[in-house]
Amino acid sequence: MGLGEKFDAAKDKVTGKAKEAFGKATDDDSMVVEGKADQVKGTVKDKVADLKAHLHEDADRRHVDDTEGGAARPE
């Protein structure tokens, strides 16, 4: 779940940095903006992956045993 999403986020960040640097080197403002947008997209994907991981961990901790007694699983 998380590793692929983290890799995809990192790829967007690196690609964005490269586009931004290329845009600055060639004086292409649209490429600079596109690179910055890719970096933001990567950061958002990274945060979403972290949030999913934390929610998944919390859900695992709150699992309730539905067998007789219904006791919560010990941590």
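Let me start at a turn: H1 is followed by Asp27, whose phi is positive, near 60°. H1 is a helix, and helices here are DSSP runs of H or I, at least four residues long, while strands are runs of E, at least two, with numbering from the N terminus.

Some ground rules. This is a predicted model: local features need pLDDT of at least 70, side-chain atom pairs count only at pLDDT 80 or more, and totals for chains, interfaces and linings use all residues. Residues are numbered from 1 along each chain as its sequence is written, and side-chain values use heavy atoms, with hydrogens and water left out.

Now the overall picture. The protein chain has two helices and zero strands. It has 75 residues, and 16% of them count as buried. Buried means under 20% relative accessible area, exposed means over 50%, and partly exposed is in between, with a 1.4 Å probe and protein chains only. The chain exposes about 5700 Å², and carbon and sulfur atoms supply 60% of that. Those areas come from the Shrake-Rupley method with a 1.4 Å probe; for residues, only the protein chains shown count as cover.

Next, contacts, meaning heavy atoms within 4.5 Å. Take those between residues at least 6 apart in sequence: 45% join residues at least 24 apart.

On to helix H1. What should its 24 residues span? At 1.5 Å a residue, 34 Å. The rule is 1.5 Å times one less than the number of residues. The end C-alpha atoms are 35 Å apart, which agrees. Which residues of H1 are buried? Ala9, Asp12, Gly16, Glu20 and Gly23.

Stay with Glu20. Glu20 is buried because its relative accessibility is 11%. Glu20 also forms a salt bridge with Lys24, with the closest N and O atoms 3.3 Å apart. A salt bridge is a side-chain nitrogen of Lys or Arg within 4 Å of a carboxyl oxygen of Asp or Glu. Both partners lie in H1, four residues apart, about one turn of the helix. Why does that spacing work? An α-helix has 3.6 residues a turn, so residues three or four places apart point the same way. Lys24, for its part, is exposed, at 54% relative accessible area.

How many salt bridges does the structure hold? 10. Two of them deserve a closer look.

Glu5 and Lys52 meet through their side chains in a salt bridge, 3.0 Å from N to O. This pair links distant parts of the chain: Glu5 sits in helix H1 (residues 2-25), Lys52 in helix H2, 47 residues apart. Glu5 is partly exposed at 25% relative accessibility. Lys52 is partly exposed too, with a relative accessible area of 37%.

Then Lys6 and Asp46. Their salt bridge has its closest N and O atoms 2.6 Å apart. Lys6 lies in H1 and Asp46 in H2, so the pair ties together parts that are 40 residues apart in sequence. Is Asp46 buried or exposed? Buried, with a relative accessible area of 17%. Lys6 counts as partly exposed, at 32%. There is also a network: Lys6, Lys13, Asp46 and Asp50 are linked by salt bridges.

Now H2, and Asp38. Asp38 is placed in helix H2, residues 29-61. Asp38 counts as buried because its relative accessibility is 12%. The side chains of Asp38 and Lys19 are joined by a polar contact of 2.9 Å. A polar contact is a pair of N or O atoms within 3.5 Å; within protein, one must be able to donate a hydrogen and the other to accept it, and residues adjacent in sequence count only if both atoms are side-chain atoms. Not counting residues up to four places away in sequence, Asp38 touches Asp12, Lys13, Thr15, Gly16 and Lys19.

Next, Gln39, also in H2. Gln39 is buried, at 16% relative accessibility. Leaving aside neighbours within four places in sequence, Gln39 is in contact with Asp12, Lys13, Gly16, Lys17 and Glu20. Lys17 lies in H1. The C-alpha atoms of Lys17 and Gln39 are separated by 6.8 Å, with their positions 22 residues apart along the chain. Lys17 is exposed, with a relative accessible area of 52%.

Last, the surface. Val40 lies in H2 and counts as exposed, at 52% relative accessibility. Val40, Val44 and Val48 form a nonpolar patch, with about 240 Å² of accessible area together. Patches are made of residues with over 30% relative accessible area and no salt bridge; like charges are joined within 9 Å, and nonpolar side chains (Val, Leu, Ile, Met, Phe, Trp, Tyr) within 5 Å.
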